[in-house]
Amino acid sequence: NGDTPDLVVVGAGLFGLTVAQQAAERAGARVHIIDVRDHIGGNAYSYMDEETGAEIHKYGAHLFHTSNRRVWDYVNRFTSFTGYVHRVYATHDGEVYPLPINLGTINQFFHAHYTPAEARQLIEQQAGELAGTDPANLNDKGIQLIGRPLYEAFIKNYTGKQWQTDPAELPASIIKRLPVRFTYDNRYFKDTWEGLPADGYTAWMERMIADPRITVSLGVDFFDESQPYNKKALRAAGVPIVYTGPIDRYFDYALGDLKWRTVDFKEVRYDEGDHFGCPVMNFSDADVPYTRAIEFKNFNPERRERQNPNRTVVWEEYSRFAGRDDEPYYPINTDADKALYARYAELAAAEHGVVFGGRLGTYQYYDMHQVIDTALKAYDDQVMPLLAHVA
Ligand code: FAD
Ligand code: UDP
């Protein structure tokens, strides 16, 4: 049938867009993308704030970084990147410190002038009985990495605010992403390539689907049977599907709910050009109820002349458990969650003609470059075979 697309992609996030782009370009497939939101881009979507000239990342700050050559070459087909290098500061007990924890943080904290070797020795002492072990939970891993005083200052309360879960119950992997450095290097990421899309995230993602074989409908829910691209109708018609929504939702939560955290954003506007002097200020202590504040203007200093010199916009982030109707942002990933996901993944593997992908479809904490990498691989391994009949 000429009206039926060769492939339906559920979710216009980076996973769905990458697969759609590949299917159109490499198989000549006609791809239809649906998204329940009123815009493409998934969680990487951004928009321009008229008043300040800031590019607001609607679902929280997004910094692109990768060491993957294939991903870097791929994304550069659709956008160039600014020279932005991510750095984060933290307010603790009335002082501002550089993050991730580095020699500058350590010397400021202890009012000292330790050399790298001295600082290393001190941290080892403070890690006490956990030194040299390989702890599986965040609490012990944190103390082992940086010692108890720094852990209590910079990690304990922040993690408590962000996860509302006892750090002893959280996987150590969450904190392994935060390096500790015995130099003054406070670059947040250590990837080969890093930057922000020069003319914004949305322009980048629009270019990914500029191919006329790709069509999009927004405001369309896959599970709404009153619209034609619903699960029941597409499964009955045998149309290949790439599904990037929540995996438990696909199976009607038959085995129970996978647990997520969400973030509420509180917007604050200031009558000044620059409020923090940096794009991201973390608040390490329990008395500030939000985890961090994002001053979007400061992600794009190269746009200063187009930004309002007298006004700025800041988003404070409040983290909490997600219910079914909230945006799922961070998979909580306790052992119980992982076991439940494994059971859903078995159901997904038996769902022939449907490829599950992305953060929600595989219950994974993925950065953008990982989502693009897994989408390119999923295209090669799983989607291309479903399109073999496309002329
Ligand atoms: P998503 O972007 O979530 O897209 C899934 C899409 O599916 C959504 O648009 C959704 O509306 C749609 N959908 C779901 N259910 C349905 C349905 N029933 N019907 C129709 N459509 C549906 N990555 C980085 O690399 N750097 C960062 O700094 C960074 N910061 C982040 C900060 C936050 C707060 C969050 C939440 C994520 C961050 N990420 C970051 C991760 C990044 O957002 C993801 O890796 C990437 O956007 C995920 O793409 P995706 O396509 O898998 O999922
Ligand atoms: N973290 C912390 N203090 C900080 C920053 C991070 O304790 O100032 C911990 C916290 O548990 C967080 C994890 O390190 O969940 C990863 O931090 P990152 O900034 O990478 O998280 P994201 O940007 O994904 O929220």
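**Two open sheets and a ligand shell in a predicted model**

Pro100 is placed in the loop between E7 and helix H3 (103-109), and the peptide bond that leads from Leu99 to Pro100 is cis, with omega near -15 degrees. This description, like everything that follows, rests on a predicted model. The protein is divided into domain 1, comprising 7-80 + 195-253 + 331-386, and domain 2, comprising 88-176; the C-alpha centres of domain 1 and domain 2 lie 35 Å apart.

One open sheet consists of seven strands in the order E7-E6-E12-E13-E14-E11-E15, and its pairing is mixed. Its edge strands, each of which pairs on one side only, are strand E7 (95-99) and strand E15 (330-331). At the E7 edge, E6 and E7 run antiparallel and are joined by five bridges, with Val96 in E7 as the bridge partner of Thr91. The two strands E6 and E7 form a hairpin with two residues between them, and Asp93 in the turn has a positive phi of about 50 degrees. E6 also pairs with E12, here in the parallel sense and over three bridges, and Tyr89 stands opposite Met281 in E12.

Further along the order, E12 and E13 run antiparallel and are joined by three bridges, with Val280 opposite Ile294 in E13. Four bridges join E13 to E14, again with the strands running antiparallel, and in this pair Glu295 stands opposite Val314 in E14. The side chains of E13 are divided between two directions: Arg292 and Ile294 point one way, whereas Ala293 and Glu295 point the other way, and all are buried. Strand E14 (residues 312-321) is in turn paired in the antiparallel sense with strand E11 (residues 260-270), over 10 bridges, and Glu317 in E14 is the bridge partner of Phe265. Helix H5 (residues 138-163) lies across strand E6 (88-92), E11, strand E12 (280-283) and E14, and runs at about 95 degrees to E6.

The loop between strand E13 (292-295) and E14 contains Glu305, which counts as exposed because its C-beta neighbours inside 10 Å number 7. Between the C-alpha atoms of Glu305 and Tyr201, which are 104 residues apart along the chain, the separation is 20 Å.

A second open sheet has five strands in the order E9-E2-E1-E10-E16, with parallel pairing. Strand E9 (214-218) and strand E16 (354-356) are its edge strands, each pairing on one side only, and neighbouring strands of this sheet are turned by 20 degrees against each other on average, direction ignored. E2 and E9 run parallel and are joined by five bridges, and Ile34 stands opposite Ser217 in E9.

Strand E2 also takes part in the surroundings of ligand 1. Of the 35 residues around this ligand, Gly11, Gly13, Gly42, Gly60 and Gly358 come nearest. At least two residues of the shell are supplied by each of helix H1 (14-27), strand E2 (31-35), helix H11 (358-361) and helix H12 (368-386). In composition, the shell around ligand 1 divides into 19 nonpolar, 11 polar and five charged residues.

Two tyrosines have a positive phi although neither is a glycine: the value is about 55 degrees for Tyr253 and about 50 degrees for Tyr363. Tyr253 lies in the loop between helix H9 (247-250) and E11, and counts as partly exposed because it has 13 C-beta neighbours inside 10 Å. Tyr363, by contrast, lies in the loop between H11 and H12, and is buried because 25 other C-beta atoms are found within 10 Å. The helices that flank Tyr363, H11 and H12, are among the elements that each supply at least two residues of the shell around ligand 1.

Note on methods: Residues numbered from 1 in each chain as written. Chains lettered and ligands numbered in written order. Predicted model: local features only at pLDDT ≥ 70, side-chain atom pairs only at ≥ 80, totals over all residues. Near = placed C-beta within 6 Å. Nonpolar A, V, L, I, M, F, W, Y, C, P; charged D, E, K, R; others polar. Pairing = 2+ DSSP bridges. Contact = placed C-beta atoms within 7 Å. Axes fitted to C-alpha atoms, helices over the stretch in contact; angles between N-to-C directions. Buried ≥ 20, exposed ≤ 12 C-beta atoms within 10 Å, placed from the backbone. Domains from an automatic or database assignment.
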